[in-house]
Amino acid sequence: MTTIRDMELFVEVIHRGSFSAAGRHLGLSPASVSRHMNALENSLGVRLLNRTSRNLTLTDAGQQYFEKVEHILADVRDIHETVSQMQRAVRGTLRVHSRMLVGILHVVPALPRFMQAFPDIDVDMRLSNFPADLIEQNLDVDIRIGSLTDSSLISRKLRSSERVLCATPGYLERHGAVGRPEDLVHHNCLSYRINLGEPTWRFLDRDGVLTEMGVSGNYQSDNGQALLMATIAGVGIGLMADWAVKEHLAAGRLVRLCPGYRVSHIEFENGVYAVYPQNRHLSAKVRVFIDFLVDLFKTL
């Protein structure tokens, strides 16, 4: 079967005037070039070149073939250049999924600034509390929380993340201080609804000693924003990501509890990640969005 490579080699032979000159330019031996030309003629079933010891000339069929192949190769180069420019162009629809709390608090409010910087990008933003299947849902980027397990994807860590145990000053005045994990048995703990079992909070002290506390309270939710709002309203004690409560702690609306412990309801190793499919040629729209996220989370 005739290939683009055969066509390119044939055209190079004609332009250079000999097998040896074409071979030197392409890094092939004259014998290798000759074999390729013989194979091309055999594939077409027609002689393209008249060979003598001194020069090469085109047959009538060879002349027609040469003219048409030059046009074909020019079209191929144009196609490659067009596709390459599309790859470099910052345009198209960007399909993004994010966990709800980090999306609502930080990503969604920043999107107008991103879209103003890149007006030829249309953003399709989706939010849920579960990791998305990028391939099945045709997504470009997924913003995930926690630890990553899918090795078939590429990830960019946007921020480290710690859980923070916190409550309002008003709640603590009414119900008492919390200095140790054991104090929680006397408090209303607002828990993230993962399953139907008893909510358990895990505490790791500076010596690496792990304490697990079953907690209870009158409010559960599978939505981080709902828990954050209840915590700020003084309903009870919340276990929140540090990036979700940083401003509230700084403003005094919330107080951090048990600061000598690392706290979590699942694993202690957490982070915020931008995840995208493995692709050697990352599209321009994804590249600029990842860069935008990196800059955004540096400030959080």
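Analyst: Two residues are in contact when heavy atoms of theirs lie within 4.5 Å. In this predicted model, the buried residues of helix α7 pack in that sense against α5 (100-117), β7 (163-167), β8 (189-192), β11 (220-221), β12 (237-241) and α8 (242-251).

User: Which residues of helix α7 are the buried ones?

Analyst: A residue is called buried when its relative accessible area is under 20%. In α7, which spans residues 224-232, the residues that meet this are Gly224, Leu227, Leu228, Ala230 and Thr231.

User: How do you know on which side of α7 they lie?

Analyst: Their directions from the axis cover an arc of only 165°, which puts them on the same side of α7.

User: What is found at the start of α7, and what follows the helix?

Analyst: At the start, a side-chain oxygen of Asn223 comes to within 2.8 Å of the backbone nitrogen of Gln225. The cut-off for a polar contact is 3.5 Å, and the distance of 2.8 Å falls within it, so the pair counts as a polar contact. After the helix comes Gly234, with a positive phi near 85°.

User: What makes Arg16 and Glu12 a salt bridge?

Analyst: The rule asks for a side-chain nitrogen of Lys or Arg within 4 Å of a carboxyl oxygen of Asp or Glu. The side chains of Arg16 and Glu12 meet at 2.6 Å, N to O, so the pair satisfies the rule. Both residues belong to helix α1 (residues 4-16), where they stand four residues apart, about one turn of the helix.

User: Why is Glu12 called buried, and how is Arg16 classed?

Analyst: Glu12 has a relative accessible area of 15%, and the limit for buried is under 20%, so the word applies. Arg16 has 41%. That lies between the limit of 20% for buried and that of 50% for exposed, so Arg16 is partly exposed.

User: What does the salt bridge of Asp242 and Arg159 tie together?

Analyst: The side chains of Asp242 and Arg159 meet at 3.1 Å, N to O. Asp242 is in helix α8 and Arg159 in strand β6, so the pair ties together parts that are 83 residues apart in sequence. Asp242 has a relative accessibility of 18% and Arg159 one of 14%. The cut-off is under 20%, so each counts as buried.

User: How do you know that Lys298 and Asp295 form a salt bridge?

Analyst: Their closest N and O atoms are 3.8 Å apart. The limit is 4 Å, so the pair is counted. The two residues are three places apart in helix α9, which separates them by about one helical turn. Lys298 is exposed at 63% relative accessible area, the cut-off being over 50%, whereas Asp295 is partly exposed at 47%.

User: How many salt bridges does a search of the whole structure find?

Analyst: The search finds ten salt bridges.

User: What makes β4 and β6 edge strands?

Analyst: They belong to an open sheet of five strands in the order β4-β3-β5-β15-β6, with mixed pairing. β4 (121-128) and β6 (153-161) each pair on one side only. On average, neighbouring strands in this sheet are turned by 20° against each other, direction ignored.

User: How do you know that β3 and β5 pair?

Analyst: Pairing needs at least two bridges. Three bridges join β3 (residues 92-99) to β5 (residues 141-145), and these strands run parallel. Ser98 is opposite Ile143 in β5.

User: Which helices lie across strands of this kind?

Analyst: Helix α8 lies across β5, β6 and β15 (270-277), at about 25° to β6. Helix α9 (residues 284-298) lies across β3, β4, β5, β6 and β15, at about 15° to β6.

User: Why is Val141 called buried?

Analyst: Val141, in strand β5, has a relative accessible area of 0%, and buried means under 20%, so the word applies. Leaving aside neighbours within four places in sequence, the residues in contact with Val141 include Val96, Leu134, Val275 and Phe289.

User: What makes β9 and β10 a pair?

Analyst: Five bridges join β9 (residues 200-204) to β10 (residues 210-214), where at least two are needed, and the strands run antiparallel. Trp201 stands opposite Met213 in β10. The hairpin has five residues between the strands, and in it Gly208 takes a positive phi near 85°.

Key:
Residues are numbered from 1 along each chain as its sequence is written. This is a predicted model: local features need pLDDT of at least 70, side-chain atom pairs count only at pLDDT 80 or more; totals for chains, interfaces and linings use all residues. Side-chain values use heavy atoms; hydrogens and water are left out. Buried means under 20% relative accessible area, exposed over 50%, partly exposed in between (1.4 Å probe, protein chains only). The arc is that of the directions from the helix axis to the C-beta atoms. A polar contact is a pair of N or O atoms within 3.5 Å; within protein, one must be able to donate a hydrogen and the other to accept it, and residues adjacent in sequence count only if both atoms are side-chain atoms. Axes are lines fitted to C-alpha atoms, for helices over the stretch in contact, and angles run from 0 to 180 degrees between N-to-C directions.
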